[in-house]
Amino acid sequence: MRKYITGVQQIGIGVSNLNEAWKWYRQNFSMDIKVFEDESVAELMLPHTNGETKKRHAVLALNVQGGGGFEVWQHTERTPKAPDFEISIGDYGIFAAKLKTNDIGATYNFYKEKDINILCDITKDPSGNEHFFIKDPYGNIFQIVNEPVFFTQNKPFNGGAYGVIIGVSNIEKSLMVYKDILEYDEIVYDKEGHFKDLEILPGGKNKFRRVLLKHSKPRQGGFSKMLGPSQIELVKLIDGNPRNIYENRIWGDLGFIHLCFDIVGMDYLRDECKEKGYPFTVDSAESFDMGEAAGHFSYIQDPDGTLIEFVETHRIPIIKKIGWYLNLKKRNPLKPLPDFMLKSLRFNRVKDK
């Protein structure tokens, strides 16, 4: 056996008011399936919290139509710190989260009717795929990307997380993580220049090298059908002076704090990451409870310090009201969960009045 990447499990988002932010993500991104909610001390994250334990409140939420979720995360014993400069595309770290849609026109109109801060009209990336950018009330930028693969189909609006745009200092060095370890082995495009579809973004009129990556083979694992395909775009600023998005800040402060993958084979992954020069900075070593869910988690850093989390899921609630919890340690980890079981997660949706 080896390690397997099941898909993007979630994107971590640091906020100053979890209840307010999650409500906004429920109402506008349909991130309303609550997988877990937990208030505790992040005891294992010392390498990324200046060596101090930090209390936090976190919720993991999914979209019923599939894709990755959001881990909405709030420090509860300190005021989460914002960057002291305007984050520009090409700065090192996660600049934007990608959300997928299979009807980009309807999604654009939906957001327009809801008076969401749409940054640009529908445009095309260098491969010709349509997308547009929006900004949430907390300053986070999301790229809405045309992608036909959905787990379920309700309204023609967005599905879940589809990947990220990450600023890097060296494309080739970063590929060791994103192509070799995370297995985004297909280059959709590798272009250098000025890009019209980025001009509306902070710093978007600069010169960049852009490399869009996807995985050529379907992901494997219990949640692979629901999480679906994903992509990562690496962006290197050519004619400027990029900064680290989290300089002088810690994990959990405001913004996109990490990119998390659901995986199978943590022990094999640990050896691979160490061999390739990216050893685990955090390793829970065994099952770790997160409220209603449990699993083994770890972190690595890419060459510029961006945090990548891995979770090997051990237990999740399917229908909490009747006490139906799934123990994944008792089943073939590579066999996709039945559709009816994954669709039953909808009974954990949080509905706003």
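Start by selecting lysine 225: its relative accessibility is 46%, so it counts as partly exposed. Keep in mind that what you have open is a predicted model. Now add aspartate 339 to the selection. Its relative accessible area is 31%, which makes aspartate 339 partly exposed too. Lysine 225 and aspartate 339 form a salt bridge, with their closest N and O atoms 3.4 Å apart. Lysine 225 belongs to helix α4 (residues 224-227) and aspartate 339 to helix α6 (residues 339-343), so this pair ties together parts 114 residues apart in sequence.

Next, pick arginine 56 and aspartate 38. Are they buried or exposed? Both arginine 56 and aspartate 38 are buried. They make a salt bridge as well, and here the closest N and O atoms sit 3.2 Å apart. Arginine 56 is in strand β3 (residues 54-63) and aspartate 38 in strand β2 (residues 31-42), so to speak distant parts of the chain, 18 residues apart, linked by the pair.

Hop over to lysine 207, which is partly exposed at a relative accessible area of 28%. Its salt-bridge partner is glutamate 192, with 3.8 Å between the closest N and O atoms. Lysine 207 is in the loop between β11 (186-193) and β12 (208-214), while glutamate 192 is in strand β11, 15 residues away.

For a bigger selection, try Arg2, Lys3, Glu183, Arg219, Glu272 and Lys276: salt bridges link them in a network. The model's count of salt bridges comes to 21.

Time for some rings. The count of aromatic pairs is 20. Select tryptophan 24 and tyrosine 25, an edge-to-face pair with centres 5.7 Å apart and planes at 85 degrees. Tryptophan 24 is buried at 15% relative accessible area, and tyrosine 25 is buried at 0%. Add phenylalanine 70: its ring centre is 5.1 Å from that of tyrosine 25 and the planes are at 80 degrees, so this pair is edge-to-face too. Tyrosine 25 lies in helix α1 (residues 18-29) and phenylalanine 70 in strand β4 (residues 69-75), so the pair ties together parts 45 residues apart in sequence. Phenylalanine 70 is buried, at 0%.

Now widen the view. Those three rings belong to one aromatic cluster, whose members also include Phe29, Tyr108, Phe132 and Phe256.

Two last stops put a charge over a ring. Arginine 26 lies over the face of tryptophan 22, 4.5 Å from the ring centre. Lysine 100 does likewise over phenylalanine 150, at 5.2 Å from the ring centre.

Methods. Residues numbered from 1 in each chain as written. Predicted model: local features only at pLDDT ≥ 70, side-chain atom pairs only at ≥ 80, totals over all residues. Heavy atoms only, no water. Phe/Tyr/Trp six-rings, centres within 6.5 Å; stacked < 30°, edge-to-face > 60°. Buried < 20%, exposed > 50% of the residue type's maximum accessible area, 1.4 Å probe, protein only. Helix = DSSP H or I, 4+ residues; strand = E, 2+ residues; numbered from the N terminus. Lys NZ or Arg CZ within 6 Å of the ring centre and 35° of its normal. Salt bridge = Lys/Arg side-chain N within 4 Å of Asp/Glu carboxyl O.
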